[in-house]
Structures are given as structure tokens and as C-alpha cells.
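Got your viewer open and a selection box ready? Load the model and follow along.

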Amino acid sequence: MPLPTPRPHRRVLRALAPATAVCAVLLTGGCGGSPAAQGTHSAHVTHITPEKETGAPTASIEEIAAAVGCTAHVEVQADELRQGGCETGQGAYRMATFTADEGQRSWLAESRMYGGTYLVGSRWVVTGPSEDALAALRGHIGGTIEIGTAHSGHH
């Protein structure tokens, strides 16, 4: 008997699983309480354009990194998402862009279980060294700040 063909949303979830795991490790690794490195924030401002009709994310990883003041390194390049990051004197930023709203919702649902703070836009998500850093970035590129589920037993 042949195996059933997975529904498209299950393929998306399977494709997102490795990227979600990478992000979760990076997010929880920053929960140790060590202070972020002090540095200056770039005065460079990038304004992200409103949602495009094409279904593409409204901002690329490279555009988000430019708004942060760093150069992005893309680690995951898949049909459903791109994920990468960069580092500034303030600390590390992680970015993910999605080709579909469903993929973004699935990624956020999985990632929120690990806590953290997210700057969420139209088909893109950014994590950063602190909520204040994300609030400052929000002034440049928009989006909303969302908080993940708190860790239990975390000091």
C-alpha cells in the first residue's frame, strides 16, 4: 500500500523544523544572563516599503541587516524561508523571511515556546540582543514586538 502524500502545510512544517531548531538554540543560548557587548549603533536608516503585491516578504534579510547596521550572513535558503543573521556591538540579530503567511505563523508558533522577543513584520521576523534594541529597529522598519512564552525554571 503506498504511503499517503503529505499535505502542503506538513511539507512546510517539515522544511521549517531545522530552521526553527537553529533559532531556538540561538534564542535560548542568549538567556544565560551575560550582558551584551556595548557598542555604537549605526546611524544608517533603511525604510522598508509596504507589503508587495507579489507575496514576497516586505523586507529581505539584507534590508533588515542594513537597518541594523551590519552585513547579513544567510544560513538557510529554502523555498519557504530564508534565515540568517549578523552581529553588531550591541549583540547578535537573527532574521527570517517567509514566502507565505502560513510559514511565518508556523515558525512563530514553534519559536515562541522557547521564549524570546520578536520584531514581527509582513513575512519577516527579527530577534535581537534585547527588547530595547528591537524597539529601536522597529522605528526604522516597522513591525510589532511580540514576546514568547516564558521559560519555566530559568534564572
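Here is a short walk through the model, one selection at a time.

**Colour by confidence.** Keep in mind that this is a predicted model. Across the protein chain the mean pLDDT is 74, with 61% of residues at 70 or more. Now select residues 3-16: pLDDT stays under 50 there, and the model has 13 contacts for this stretch beyond four places in sequence. Do the same for residues 18-54, where pLDDT is again below 50 and the model shows 52 contacts beyond near neighbours in sequence. Where pLDDT is low, the predicted coordinates should not be read in detail. You can hide both stretches for the rest of the tour.

**Select residues 73-77 and 81-88.** These are strand 1 and strand 2. The two run antiparallel and are joined by 4 bridges, forming a hairpin with 3 residues between them. To see one pairing, pick Gln-77, whose bridge partner in strand 2 is Arg-82.

**Add residues 91-98.** This is strand 3. Strand 2 runs antiparallel to strand 3, with 8 bridges between them, and the hairpin that connects the two passes through 2 residues. Click on Leu-81 and you'll find its bridge partner, Phe-98, in strand 3. How many of the 8 residues of strand 2 are buried? The count is 6, so strand 2 is largely enclosed by the rest of the structure.

**Zoom in on Gln-104.** You're now in helix 3, residues 101-112. Is Gln-104 buried or exposed? Its relative accessibility is 7%, so Gln-104 counts as buried. Look at its side chain: a polar atom there lies 3.0 Å from the backbone oxygen of Gly-121. Leaving out residues up to four places away in sequence, Gln-104 touches Phe-98, which you just clicked past, plus Val-120, Gly-121, Ser-122, Arg-123, Trp-124 and Val-125.

**Finish on residues 131-141.** This is helix 4, and its buried residues are Ala-133, Leu-134, Leu-137, His-140 and Ile-141. Turn the view so you look down the helix axis: those buried residues fall within an arc of 105°, so they line one face of helix 4. An α-helix has 3.6 residues a turn, so residues three or four places apart point the same way. On the face turned away from the buried side, look for the exposed residues Asp-132 and Gly-139.

What do the buried residues of helix 4 pack against? Show helix 2 (61-68), strand 3, strand 4 (117-121), strand 5 (124-127) and strand 6 (144-147). Last stop: Gly-142, which follows helix 4 and has a positive phi, near 85°.

Notes. Residues are numbered from 1 along each chain as its sequence is written. This is a predicted model: local features need pLDDT of at least 70, side-chain atom pairs count only at pLDDT 80 or more; totals for chains, interfaces and linings use all residues. Side-chain values use heavy atoms; hydrogens and water are left out. Buried means under 20% relative accessible area, exposed over 50%, partly exposed in between (1.4 Å probe, protein chains only). The arc is that of the directions from the helix axis to the C-beta atoms. Contact means heavy atoms within 4.5 Å. pLDDT is the predictor's confidence in each residue, from 0 to 100. Two strands pair if DSSP finds at least two bridges between them. A polar contact is a pair of N or O atoms within 3.5 Å; within protein, one must be able to donate a hydrogen and the other to accept it, and residues adjacent in sequence count only if both atoms are side-chain atoms.
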